[in-house]
Amino acid sequence: MSYYSYEQSSSSTSNQSESNNSNIETKLVTVQAKSSSHPYFGQGSSKGYFIDGEESPSLTLKKNVIYRFDQSDSSNSNHRILFFTDANRTNSYQTNITQAGIAGSMGAYTEITLISDTPSEIFYQCQNHPLMGSNLKSSTSGNDTLNSSSNNELIDGGEGTDTV
């Protein structure tokens, strides 16, 4: 079992990049061929997102924090991240989303801020290709320590305890 806990701090770690704004947490995105570890291996696109080096992890993020998905890497070309209420990209989720630049170009990113009205689960997927990403959940309070039995999950937590 492995899990990743992200806590805001003034320094960067290998699992977290932070911009100059302490309310923005940056996730580095690349696109690579899917492996059998991908939640949708054998379905949809043959490529998947890698978030901070992890293959299409299920993300558990804190509310009221801006998460910036940095899509500057050239592998993101034609693979802009969008958010949906379903994995198959039928229903777009557009609340508190900001986009800048063209995916695959320097400075390109997509930001999301989860709020109390955000559905309990949404999905990050490619605007052009099916099933490249995974799901995204919000933590139950602003400061949680989250434990997971999954080895494909990135968690942003703090004080308190939840089991995912």
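Two aromatic rings of Phe, Tyr or Trp count as a pair here if their centres lie within 6.5 Å. Keep that rule in mind, since ring pairs link Tyr49, Phe69, Phe83 and Tyr124 into a cluster. We'll get to that cluster shortly.

**Stop 1: the whole chain**

Start with everything on show. This is a predicted model. Colour by secondary structure and you'll find 0 helices and 15 strands. Of the 164 residues in the protein, 48% are buried. Now look at contacts with a separation of 6 or more: 60% of them come from residues 24 or more positions apart.

Next, colour by pLDDT, the predictor's confidence in each residue. The mean for the protein is 81, and 71% of the residues reach 70 or more. Select residues 1-20: here the pLDDT is below 50, and the stretch has 51 contacts in the model beyond near neighbours in sequence. Do likewise for residues 158-164, where the pLDDT is again below 50 and the stretch has 24 such contacts. Where pLDDT is low, the predicted coordinates should not be read in detail. So much for the ends of the tour map; on to the strands.

**Stop 2: the ring cluster**

Select Tyr49, Phe69, Phe83 and Tyr124 and show their side chains; these are the residues that ring pairs join into a cluster. The count of aromatic pairs comes to 3. Zoom in on tyrosine 49 and tyrosine 124: their rings form a tilted pair, 6.2 Å centre to centre, with 45° between the planes. Tyrosine 49 sits in strand β4 (residues 47-51) and tyrosine 124 in strand β11 (residues 121-126), so this pair ties together parts that are 75 residues apart in sequence. Both tyrosine 49 and tyrosine 124 are buried.

Swing round to phenylalanine 69, which pairs with tyrosine 124 in a stacked arrangement: 6.4 Å centre to centre and 25° between the planes. This pair also links distant parts of the chain, with phenylalanine 69 in strand β7 (residues 66-70) and tyrosine 124 in β11, 55 residues apart. Phenylalanine 69 is buried, as is tyrosine 124.

**Stop 3: strand β11 and its partners**

Stay with β11 and select the whole strand. How many of its 6 residues are buried? The count is 5, so β11 is largely enclosed by the rest of the structure.

Add strand β8 (residues 81-84), which pairs with β11 in the antiparallel sense over 4 bridges. Look for phenylalanine 83: its bridge partner in β11 is tyrosine 124. Then add β12, which pairs with β11 in the antiparallel sense, over 4 bridges. Here isoleucine 122 has leucine 136 of β12 as its bridge partner.

Before leaving, pick glutamine 125, which is found in β11. Its relative accessible area is 0%, so glutamine 125 counts as buried. Follow the side chain of glutamine 125 and you'll see it reach the backbone nitrogen of methionine 132 at 2.8 Å.

**Stop 4: strand β6**

Now bring in β6 (residues 58-61), which pairs with strand β12 (residues 134-138) in the parallel sense over 3 bridges. Leucine 59 has leucine 136 in β12 as its bridge partner. In a regular strand the side chains alternate between the two faces of the sheet. Turn on the side chains of β6 to see Ser58 and Thr60 pointing one way and Leu59 and Leu61 the other way, all of them buried.

**Stop 5: arginine 68**

Go back to β7 and select arginine 68. What does arginine 68 lie over? The face of tyrosine 109, at 4.0 Å from the ring centre. A polar contact of 2.5 Å also joins the side chains of arginine 68 and glutamate 111. Leaving out residues up to four places away in sequence, arginine 68 touches Ile24, Glu25, Thr26, Lys27, Tyr109, Thr110 and Glu111.

**Stop 6: glutamate 55**

Last pick: glutamate 55, in strand β5 (residues 54-55). Why does glutamate 55 count as buried? Because its relative accessibility is 9%, and the cut-off for buried is under 20%. The side chain of glutamate 55 makes a polar contact of 2.5 Å with the side chain of serine 35. Finally, show glycine 133: glutamate 55 and glycine 133 are 78 residues apart in sequence and 8.6 Å apart in space, C-alpha to C-alpha.

Technical notes
Residues numbered from 1 in each chain as written. Predicted model: local features only at pLDDT ≥ 70, side-chain atom pairs only at ≥ 80, totals over all residues. Heavy atoms only, no water. Helix = DSSP H or I, 4+ residues; strand = E, 2+ residues; numbered from the N terminus. Buried < 20%, exposed > 50% of the residue type's maximum accessible area, 1.4 Å probe, protein only. Polar contact = N/O pair within 3.5 Å; in protein donor to acceptor, adjacent residues only side chain to side chain. pLDDT = per-residue confidence, 0-100. Contact = heavy atoms within 4.5 Å. Phe/Tyr/Trp six-rings, centres within 6.5 Å; stacked < 30°, edge-to-face > 60°. Lys NZ or Arg CZ within 6 Å of the ring centre and 35° of its normal. Pairing = 2+ DSSP bridges.
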